[in-house]
Amino acid sequence: MTTTVPVTVSLRSRRSGTEPDHPDDQLVDRFGRVHRDLRISITDRCNLRCVYCMPEDGVAFAPRSEILTYEELTRVARVAHGLGVTRVRITGGEPLVRRGLESFVAMLADIGFADLSMTTNGIGFERRAQGLADAGLHRVNISCDSLQPARFAEIRRSGDLAAVLSAMDAAERAGLRPLKVNVVVLAGINEDEIVDFAAFARDTGRVVRFIEYMPLDGAGAWDRTSVVSAAKILHIIAERWTLEPVVPSDADPSAPATRYRFSDGIGEIGVIPTVTEPFCGTCDRLRVTADGAIRNCLFANEETPLRDLLRAGGSDDAIAIALRRAVDAKLPGHGINDPGFLRPARSMSMIGG
Ligand code: SAM
Ligand code: SF4
């Protein structure tokens, strides 16, 4: 694990020795990937316990003193913005459970990111949508894994589908568009709803993104048989409707979802094939965990600590160097399909999806 970040070395004077040489002071890794997307987790806590994410009981949360303040997180975001990051997504855990989220959104909005979004489970979002939009949030992804109330509650181990559907309506009323709906597809559990969700995308104009189940569940129960591949998802939808890939010029090549339009022009879906068709070659994402570590990949086994640096009065240059170090250490791929793959010690809710 990277542990030491020199706080005295200036960004522009460090082009010697073991320090990497990066053009334009952007976050470019050894494979030429330019990092423009920062995911900020503001909490590892959550009001749900989705089966694919958190165990039902016995979850150990970071002590509050270890969680970065909004001021600390904003500072990291500001430095990242200076290094070419243009998109920020607030995530968790469940971001809505941390007090003062609206003020944090306003702090990030002040920095001026081209895209400021959030991922949420939607519980309680209905009454906060307008406030978050007013604070400067641009758009939102709402997770919803079933359109059947009982099954929804089974997968998320609580929560109310009606509240999440109302959250979607409220997001759109508040102008948080395009609204994306995240669906984790689990073999034998909700795969029979793939067509229903595709119809939902067509009926509502919301972009439904089917996500392959990743080995990041807190219970460690993931195995390959529980994954429904993106190819299978597309095949199932294509039996009913004709799909056309969204042409690369309209699509962001670094986006995790491969996008498809229905050929009659009504609606759009995406698939996120992390497990079966990794898209690491175009990854431009970097993450900061709620307890102040930089992660260069969801599946990384190493992190670059930031919290002590922030709390010891580290300079902006030192933060920038830490961000660069994390990017420099990024591997070409996540390695899920390698024989020696080791799951990261942290699960999704602790990392920030
Ligand atoms: N609590 C919020 C939510 O559920 O939307 C935000 C955090 S959650 C960790 C972010 C996204 O990760 C959600 O869309 C969730 O469905 C997804 N996710 C969680 N665990 C996953 C897993 N093991 N595989 C794939 N996606 C997962
Ligand atoms: Fe909570 Fe989101 Fe994880 Fe579900 S996916 S347990 S809502 S953090």
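Here are some notes on the salt bridges, the ligand shell, the cores and a few backbone oddities.

1. First, a caveat. This is a predicted model, so please read every distance and angle below as a property of that prediction.

2. Salt bridges are a good place to start, as a search of the whole structure turns up 23 of them. I'd look at Arg206 before the others. Its side chain meets that of Asp169 in a salt bridge, at 2.7 Å from N to O. Arg206 sits in the loop between helix 6 (194-204) and strand 6 (207-212), while Asp169 belongs to helix 5 (residues 161-173), so the pair ties together parts that are 37 residues apart in sequence. As for exposure, Arg206 is buried, with a relative accessible area of 6%, whereas Asp169 is partly exposed at 36%.

3. Arg206 has another acidic partner: the side chains of Glu172 and Arg206 also meet in a salt bridge, this one at 2.9 Å from N to O. Glu172 is again a helix 5 residue and Arg206 is in the loop between helix 6 and strand 6, so this pair links parts that are 34 residues apart in sequence. Here both Glu172 and Arg206 are buried.

4. Now for a pair with a wider sequence gap to bridge. Which residue does Asp217 form a salt bridge with? The partner is Arg343, and the closest N and O atoms are 2.8 Å apart. Asp217 lies in the loop between strand 6 and helix 7 (230-238), and Arg343 in the loop between helix 9 (316-328) and helix 10 (348-351), so the salt bridge ties together parts that are 126 residues apart in sequence. Asp217 counts as buried at 1% relative accessibility, but Arg343 counts as partly exposed at 31%. There is a network to look at too: Asp37, Arg39, Arg87, Asp284 and Arg285 are joined into one by salt bridges that share partners.

5. Glu303 deserves a look as well. You'll find Glu303 in the loop between strand 11 (293-295) and strand 12 (304-305). Is Glu303 buried or exposed? At 10% relative accessibility, Glu303 counts as buried, because the cut-off for that class is under 20%. The Glu303 side chain makes a polar contact with the side chain of Arg295 at 2.6 Å, and another with the side chain of Arg346 at 2.9 Å.

6. On to ligand 2. The residues surrounding ligand 2 are Cys46, Leu48, Cys50, Tyr52, Cys53, Met54, Gly93, Asn121 and Arg156. By class, this shell divides into 6 nonpolar, 2 polar and 1 charged. Note that Cys53 turns up again in the next point.

7. The nonpolar interior comes in separate pieces. The largest nonpolar core has 78 residues, and the members that touch the most others are Phe125, Phe210, Ile237 and Ile269. Helix 9 gives the most to this core, with 7 residues. Leaving out residues up to four places away in sequence, Phe125 touches Leu96, Met118, Thr120, Leu132, Val140, Ile142, Ala167, Ala171 and Leu176. A second, separate core of 25 residues includes Cys53, Cys297, Ala300 and Met348. As background, nonpolar side chains tend to be buried together in soluble globular proteins.

8. Two backbone spots are worth checking by eye. Most residues other than glycine have a negative phi, and most peptide bonds are trans. Arg177 and Pro178 are joined by a cis peptide bond, with omega at about -5°, and Pro178 is in the loop between helix 5 and strand 5 (180-185). Then there is Arg157, which is not a glycine yet has a positive phi of about 60°. Arg157 is in the loop between helix 4 (149-156) and helix 5, and is partly exposed with a relative accessible area of 29%.

9. Last, a residue that touches Arg157. Setting aside residues up to four places away in sequence, Glu56 touches Arg49 and Arg157. Glu56 is in the loop between strand 1 (37-41) and helix 1 (70-82). With a relative accessible area of 51%, Glu56 is exposed, because that class begins over 50%. Glu56 and Lys330 are 274 residues apart along the chain, and their C-alpha atoms are separated by 32 Å.

Conventions. Residues are numbered from 1 along each chain as its sequence is written. Chains are lettered from A and ligands numbered from 1 in the order in which they are written. This is a predicted model: local features need pLDDT of at least 70, side-chain atom pairs count only at pLDDT 80 or more; totals for chains, interfaces and linings use all residues. Side-chain values use heavy atoms; hydrogens and water are left out. A salt bridge is a side-chain nitrogen of Lys or Arg within 4 Å of a carboxyl oxygen of Asp or Glu. Helices (H or I, at least four residues) and strands (E, at least two) are DSSP runs, numbered from the N terminus. Buried means under 20% relative accessible area, exposed over 50%, partly exposed in between (1.4 Å probe, protein chains only). A residue is near a molecule or strand if one of its heavy atoms lies within 4 Å of it. Ala, Val, Leu, Ile, Met, Phe, Trp, Tyr, Cys and Pro count as nonpolar, Asp, Glu, Lys and Arg as charged, and the others, Gly among them, as polar. A polar contact is a pair of N or O atoms within 3.5 Å; within protein, one must be able to donate a hydrogen and the other to accept it, and residues adjacent in sequence count only if both atoms are side-chain atoms. A nonpolar core is a set of buried Ala, Val, Leu, Ile, Met, Phe, Trp, Tyr and Cys residues joined through side-chain atoms within 4.5 Å. Contact means heavy atoms within 4.5 Å.
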